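Work through the exercises below with the sequence and the 3D structure open beside you. Try each task on your own before you read its solution.

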Amino acid sequence: MFTISNYVKAKTLEEAYELNQARSSRVMGGMMWMRLGNARIKTLIDLSGLGLDRIEETDNVIRIGAMCTLRQLEQCDALKRLFGDGVAESVRHIVGVQFRNQATVGGSIYGRFGFSDVLTAFLAMDTFVELYNGGTVRLSDFVNRKQDKDLLLSVIVRKGKRQFRYESIRQTQTDFPVLACATVTGIVHGQETWYFSIGARPMKAALLEKKWEIPRDASEEMIREYAQEVAASFTYGTNMRGSAEYRQHLAEVLVRREISSILAEER
Amino acid sequence: MSMERTEKLRVVNHPAAKVDAEALVTGRAVYTNDLAPADCLIVKIVRSPHAHALIKEIDTSRAEAVPGIECVLTYKDCPQKRFTLAGQTYPEPSPYDRLILDQRVRFVGDAAAIVAGTSEEAVKKAMKLVKIKYEVLEPVLDFRKAKDNPILVHPEDNWRSLCSVGADNNRNLCAHDVCGAGDVDAVLKSCDYVVDRVYHTKANQQTMMETFRTYTYLDAYGRLNVVSSTQVPFHVRRILGHALDIPKHKIRVIKPRIGGGFGAKQTSVSEVYPAFVTWKTGKPAKIIYTREEAMTASSPRHEMEMHVRVGADKEGKIRAIDLHTLSNTGAYGEHGPTTVGLSGHKSIPLYGSPEAFRFEYDVVYTNVMSAGAYRGYGATQGIFAVESAVNELAQTLGMDPTVLREKNMVREGMVMPAYYGETTKSCALDRCMARAKEMIGWDEKYPCRDMGNGKVRGVGVAMAMQGSGISHVDTGTAAIKVNDDGYYSLMIGATDMGTGCDTILTQMAAECLDCDMSDILVHGVDTDVSPYDCGSYASSTTYVTGMAVVKTCETLRKKICERGAEYLGCSAEDVEFDGQKVTNLKTGESITRKELGNKVMSFNNEPLSASEAFSSPTSPPPFMVGMAEVEIDKETGVPELIDYVAVVDCGTVVNPSLARVQVEGGIAQGIGMALYEDIVYNKKGKTYSNSFMQYKIPSRLDVGTIRVEFESSYEPTGPFGAKSIGEIVINTPSPAISNAIQNAVGVIIRELPMTAEKIYRGMQEER
Amino acid sequence: MEVQFVLNKKQVKVDVGPDAVLLNVLRELGCKSVKCGCETTNCGLCTVWIDGKSRLSCSVLAVSVGGHEITTLEGVEEEAAEFGRFLAEEGAEQCGFCSPGFIMNVLAMVRELEDPGIEEIKEYLAGNLCRCTGYMGQMRAIEKYLAYRKEARG
């Protein structure tokens, strides 16, 4: 049973940060997961009054406040223009509309959960997280950091001409994924680059970057080889939703489908 | 034929909204926890972390010192007479193997102590302070190794079995039997084709949305009042009498609205704890099971392993069926000896009268969560095995599985040796099959169609049956009285758990009494005032209690005529009652029901009421055919249910809209069992499947389209020709979906659930 | 801690612990329609509106709703009864325990989606589990209700 001794709706980021430095302080996201644990929380810090619930688009980036809900993400026109339906696809399976009206982007990313669709999706994009004290760091670095006492303020996606695909396999439509997989490609520093993010392996999502120039008319066989290489670059585990071996097979199939889909669109 | 008999019906065989609908859709406070007084003590259970252990020491002093704690009860406080929590007619076939709390704990989650206090916080705090020293024992976790295992789940001397069900606690046996007709081994030996396979169904949770819950208090007479979400109020009264070792007249059980049961609440899962607290302290108490408790310490479906042999000749005539069922009752024996029987008695008779059959079973104790009753009650498991075996036989014969069934299925008038030798007086199974084939487009779609996008769609079929009540046992009683202004009150002891029995029994009464449903008030169950009914289970309410209602109304009509004649000053032979008034046919003089109702309240020496009971020597089976269309992703194995078609013969359909929803709901549960739901244990016997996050019941995105029709026969022994509907509907999805997968990709899955990974592995092996 | 919010159009002030969840506080305030089915945010039975959006009250801290507007089924009773009649006509409320949360989300859906298709409806309501009905009767009720609304509005 989790307990809270004190709830504070922070008035400034500074206040929130200071309060959070105590060992038994926690920052509140959507309260989807924290409530299920056994934490004894001395001070729970609510960031909802700090304007972190907005998605802002500039010429170069889309900045998603940490308190934005997954439902905002799902319905965000800026992300849709940039990445198509992939972003909505990455969250639409998550439990239900009520859940997504509540779960926050900050909570999903900060938690770095193994099953996270949100993390899997953002990892494949050109994404940074903005921290109160730690500056702005690449999501791919942040993922591997230990949880600390900094505040996650926003998730920043750099705009650029990129293709994005997202697919997952689930036992029931609203279950955690057996495997989740995002593929992104675009020209980076003048070179065609592919990013593959695979989550729920069941370990948390990890990123693979490949400077591959895949011909638009690549054969099925060729794409299959690329996909095999991608899938083999990750490690997998076994739990009640699937075996390591099956997950690797799924990774290969999904990566192949995503590459094929991108190539088909570009042809 | 049945058409003629049902077309004159005015209320029965017509849709009607449920009598409690308005309260339910506007969220009125009608369920147990909505009604519980605010000053109830909160009751919670300290549960064993071990699958098998003895409590060596238990120290409650620190827990009792927590402010607000009323009591902490341990095995030392409990009566030492064993009992069963199974809601069955006395003497129960389920063994008496329980104590409220026992020194030996037998599964992870077994009750070790009861804590009661004034607030949830205090109780939770105290629970952590109950110090228990366990002597951890080796558990029996593999049900295939349980029989005659040196480790005994119930070594105690006072274990008792009241009925001769072949139980022996010194062998971990909860039941054993064998029955049959003809020489099965000899006939199988002479068959041209024999399929010999083993099938495995897992435990499943009913997951009614309202978990187990009960509150209790003492009334002005010092009696224990129990308000509980139960399917079996009268059995609960007896069970509590046994558990607390107090006379039954000290106990009153009331059933409010219930948020679903599906058999889970045919076991008295939650009642004993607050009852014990109230009896000890004199204070009101309530227990609300968390979903986690409802998933880990409840009454799920029995896991079964079934070895089937089916033999046929070259033409596809099924000549013999041999079934051996091994059933896992878990730590306690609730419904163990009876569920297993249905695995054979409700599967083999689908094939009428084979030359020989044998049905043998063992039910074993293990150190996992105790099993109980779940819709289908063993038939679901047995039908998965036998119907799957018949589908494998069809493949062996190179025959369309619907054609194989048409050759062999039971038909009206046939004797069913494996169904206690009963004869089917009503059976439209053949029409169900024909209609289901039309509905799904079987002839065009069988066996499969490649969709050209890496996906292939297959169709599959299964048949099912169930009973209508337990013959020679189940008893329903109804009572009805005429009140002021002539309105009726109908008293029943059957328990509406959302299924709508209050409604359909009102419909029957309105039909019998030539009145509107709104002229009849129906009363929920209160064991102090309701007439006896064994409860709502075993598909009994429509058939058994329904007949009791019909008989009661017939008696009342006679009494109304007699009384009317008396008031009109003529002979009862000369009057007619048309529902509104009693008329003297000779004079045309009449007295209205309203006048009659008011008149009997003055200077009257005999109440204008009637009460009758019904119990049946037979249990007429409903029949159905289910067909599934399933799409398989050839690369990932992911199955998607596209379409499910069901055609049901439940005799006369009493309320078509409620019956239809029963069918759709049962099929959706069956789909969950077939494809998604799994209770998974770790090596130490702890289940991972402890929440809706880890045990996935289907959402509305997981059930495809479910289409239902009825092909009614007319059951001469039932009310208005009706048979049961509640349970049969869960039986076809597992075998029909399995068959669709088989026909789509050639993979036969013999262990549920049929996950994408299992299908994928099957396809790998095929290559 | 003292919290003030609007409950079904009325100002309420309650004294709650910092870890009290909204679900329990609403029930204590007499909104017994709000039910708990799972405790792990999976079932949708505890659905209420916060500022007009469907939310799971089992995982909302009561202290965090200060200044917000909460609506439960009790607050939209007439509309609930109106849709409820369609549900009852199909027999699709069955045990009724999931009906309040389900109806709240249906009414949220008709406010949010313009003329939704079947797939859209199913996805919007996917977080509302029901173990009784198999969902088909609920869909029939929704389709008839939507057609009725359309007609009523001309």
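**Exercise 1: a helix of chain B**

Task: Decide how many of the 13 residues of α19(B) are buried, and then describe the span of this helix.

Solution. The model is a predicted one, and in it α19(B) is mostly covered, since 13 of its 13 residues are buried. To reach this count, one applies the cut-off that a residue is buried if 20 or more other C-beta atoms lie within 10 Å of its own. Next comes the span: the helix covers residues 733-745 of chain B, and the distance from its first C-alpha to its last is 18 Å, close to the 18 Å expected at 1.5 Å a residue. The last step is to look just beyond the helix, where Gly746(B) has a positive phi of about 75 degrees.

**Exercise 2: the two domains of chain A**

Task: Find where the domains of chain A lie, and work out which helix gives the largest share of the side of domain 1 that touches domain 2.

Solution. Begin with the domain assignment, which places domain 1 of chain A at 3-46 and domain 2 at 55-266. The centres of these two domains, taken over C-alpha atoms, are separated by 28 Å. Then consider the contact itself, in which ten residues of domain 1 of chain A meet twelve residues of domain 2 of chain A. On the domain 1 side, the largest share comes from helix α1 (residues 13-20) of chain A, which supplies four residues. Sorted by character, the residues of that side are six nonpolar, four polar and no charged.

**Exercise 3: the sides that touch chain C**

Task: For chain B and then for chain A, determine which element gives the most to the side that touches chain C.

Solution. Start with chain B, where 41 residues are in contact with 42 residues of chain C. The elements of chain B that give two or more residues to this side are α2 (21-25) and α18 (656-676), and α18(B) gives the most, with eight residues. The side of chain B is made up of 20 nonpolar, 13 polar and eight charged residues.

Now turn to chain A, whose contact with chain C takes 23 residues from chain A and 23 residues from chain C. Two or more residues come from each of β1 (3-9), β3 (40-46) and α5 (97-100) of chain A, while β1(A) gives the most, with five residues. To finish, the residues on the side of chain A divide into ten nonpolar, ten polar and three charged.

Technical notes: Residues are numbered from 1 along each chain as its sequence is written. Chains are lettered from A and ligands numbered from 1 in the order in which they are written. This is a predicted model: local features need pLDDT of at least 70, side-chain atom pairs count only at pLDDT 80 or more; totals for chains, interfaces and linings use all residues. The expected span of a helix is 1.5 Å times one less than its number of residues. A residue is buried if 20 or more other C-beta atoms lie within 10 Å of its own, exposed if 12 or fewer, and partly exposed in between; C-beta atoms are placed from the backbone. Two residues are in contact if their C-beta atoms, placed from the backbone, lie within 7 Å. Ala, Val, Leu, Ile, Met, Phe, Trp, Tyr, Cys and Pro count as nonpolar, Asp, Glu, Lys and Arg as charged, and the others, Gly among them, as polar. Domain bounds come from an automatic or database domain assignment.
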